[in-house]
Amino acid sequence: MTKPIIVIGAGIIGVSTALWLQRAGRRVILMDRSKPGMGASYGNAGLIAQWAVVPVNTPSLWKDAPKYLLNPNSPLFLKWTHLPKMLPWIAKFMSNANRVDADRMVNALIPLLTDAVDQHKSLVRGTRLEHWISNSKFSYSYPTYADFEHDAFGWDMKARAGFTPTILTGNQVQDAEPILGHATGCLAVLEGQGHITNPAGYITELAAHFIENGGEFIQSEVKDFIKSKGRITSVETSQTSIPCMHAVITAGIWSKDLMRKLNLKVPLETERGYHVIYKNPSQMPNDPIMITKGKFAVNPMDMGLRCAGTVELGDHHTGPSQQPIALLKRYAAEFFPTLKYSETEDWLGFRPSTPDSVPLIGEIGNSGIYAGFGHQHIGLTAGPKTGRLLAQMITGKTPNIDLKPYTPARYLR
Ligand SMILES: Cc1cc2nc3c(=O)[nH]c(=O)nc-3n(C[C@H](O)[C@H](O)[C@H](O)COP(=O)(O)OP(=O)(O)OC[C@H]3O[C@@H](n4cnc5c(N)ncnc54)[C@H](O)[C@@H]3O)c2cc1C
């Protein structure tokens, strides 16, 4: 039997990669220490965010970050105890917050994101999973039209990617989205978008589909890699050694730990993010909305109304902080003033982020080991395309986009 390709990590990136490799006729083993879809992919906002080409580290961050960190009502938090460890990453992240690097980052993100709804549809075409991709609009809620105008840099970048909004003001806002109270004075609406109504359910079914079609899933933690003459020969768990042709690291934030096993130190840190679910809500928005004041998205989901977002710079070992959850709840009360619900549930997830907000996609040297991680705020969106690109690289096909911006080599000198 031919040796398999082992995909490590069954979040959206790993599951998509496993499926595209399987479709290319390869024998694939998907591994995860948990069940599929339990990492960052579990509780995200569910947006297929084709327009999200603007990274957090744009030039205005120099002016905004200090203000944000000192203001308890701002959606940027820092776990101060983790600051010394995170400082080198923050320094690199901030060094990219200039006009030239912003252009570079946006240009790298555009090919990964702008056809994402089609990429998700392509991943599920002809399967019983087609129902997971909901077509929708997506709106940005601003307190006033002046706040929308203040966001001109971001909208210029989105226009470059082909996304220009229709602007609603005054009563048009509540006519379009009755859940919004008068805290929203301006709505910038993008047509032709998409979302997922239960990201964990979607990934669970993608993994089940992979298994039904002959793929193997092993629930076990990968501990190490064995190489011979610089090439991967097997993947190690605490119980066994699994020979393989190639390995793909799609382990989200934990990819950093696996890269250390290869004696490589990647600058990967987490932008911790939170969700609050309002169960049995009396109202739902018609389509997902970004509440710009709180930097969170609200999505009408199967399990209730999910508000997900905020950024807390910190570690991926400690549990949730209360301030971001309280902030989500405060802004939800302000922006959905007539919402009633039976109870709330909250969650913390770890976005895997690089200092240039661009993921690592490609072979690590000539090792037969591939990187597919670092998708910060856009992993659900870019998962299917990343998986397709990795499968093309591994099977010797030439992807139709320039892969240089994503090369792992940029961080592994
Ligand atoms: C609050 C919040 C909202 C978000 N909203 C959106 C959104 O609306 N749209 C969007 O596109 N993105 C969004 N994101 C970002 C998105 O969720 C992530 O970019 C994406 O989930 C990353 O996927 P992944 O497959 O790389 O990692 P993960 O989903 O974290 O999966 C990694 C997997 O690897 C496994 N693993 C780790 N180490 C090992 C090991 N040694 N052995 C075996 N298995 C291992 C883990 O168990 C885990 O299952 C959001 C994130 C957050 C936190």
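**Ligand shell, domains and core**

Student: Which residues come nearest to the ligand in this predicted model?

Tutor: G11, G39, G252, G273 and G379 come nearest, out of the 44 residues around the ligand.

Student: What makes a residue count as near the ligand?

Tutor: Its C-beta atom, placed from the backbone, must lie within 6 Å of the ligand. The 44 residues around the ligand are therefore those that pass this cut-off.

Student: Which helices and strands each supply at least two residues of that shell?

Tutor: The helices are helix 1 (12-23) and helix 12 (379-394). The strands are strand 2 (28-32), strand 13 (269-279), strand 16 (304-314) and strand 17 (343-353).

Student: How many residues of the shell are nonpolar, polar and charged?

Tutor: The shell has 21 nonpolar, 19 polar and four charged residues. Gly counts as polar, so G11, G39, G252, G273 and G379 belong to the polar class.

Student: Which domains does the shell draw on?

Tutor: At least three residues come from each of domain 1 (5-41 + 201-265 + 357-411) and domain 2 (56-96 + 135-195 + 268-353). The centres of domain 1 and domain 2, taken over C-alpha atoms, are 29 Å apart.

Student: How many residues of domain 1 are in contact with domain 2?

Tutor: Twelve, and they meet twelve residues of domain 2. The touching side of domain 1 has three nonpolar, eight polar and one charged residues.

Student: Why is A247 said to be in contact with I369?

Tutor: Contact requires C-beta atoms within 7 Å, so A247 and I369 meet that limit. Leaving aside neighbours within four places in sequence, A247 also contacts I6, I8, F225, I232 and V235.

How values were computed:
Residues are numbered from 1 along each chain as its sequence is written. This is a predicted model: local features need pLDDT of at least 70, side-chain atom pairs count only at pLDDT 80 or more; totals for chains, interfaces and linings use all residues. Domain bounds come from an automatic or database domain assignment. Two residues are in contact if their C-beta atoms, placed from the backbone, lie within 7 Å. Helices (H or I, at least four residues) and strands (E, at least two) are DSSP runs, numbered from the N terminus.
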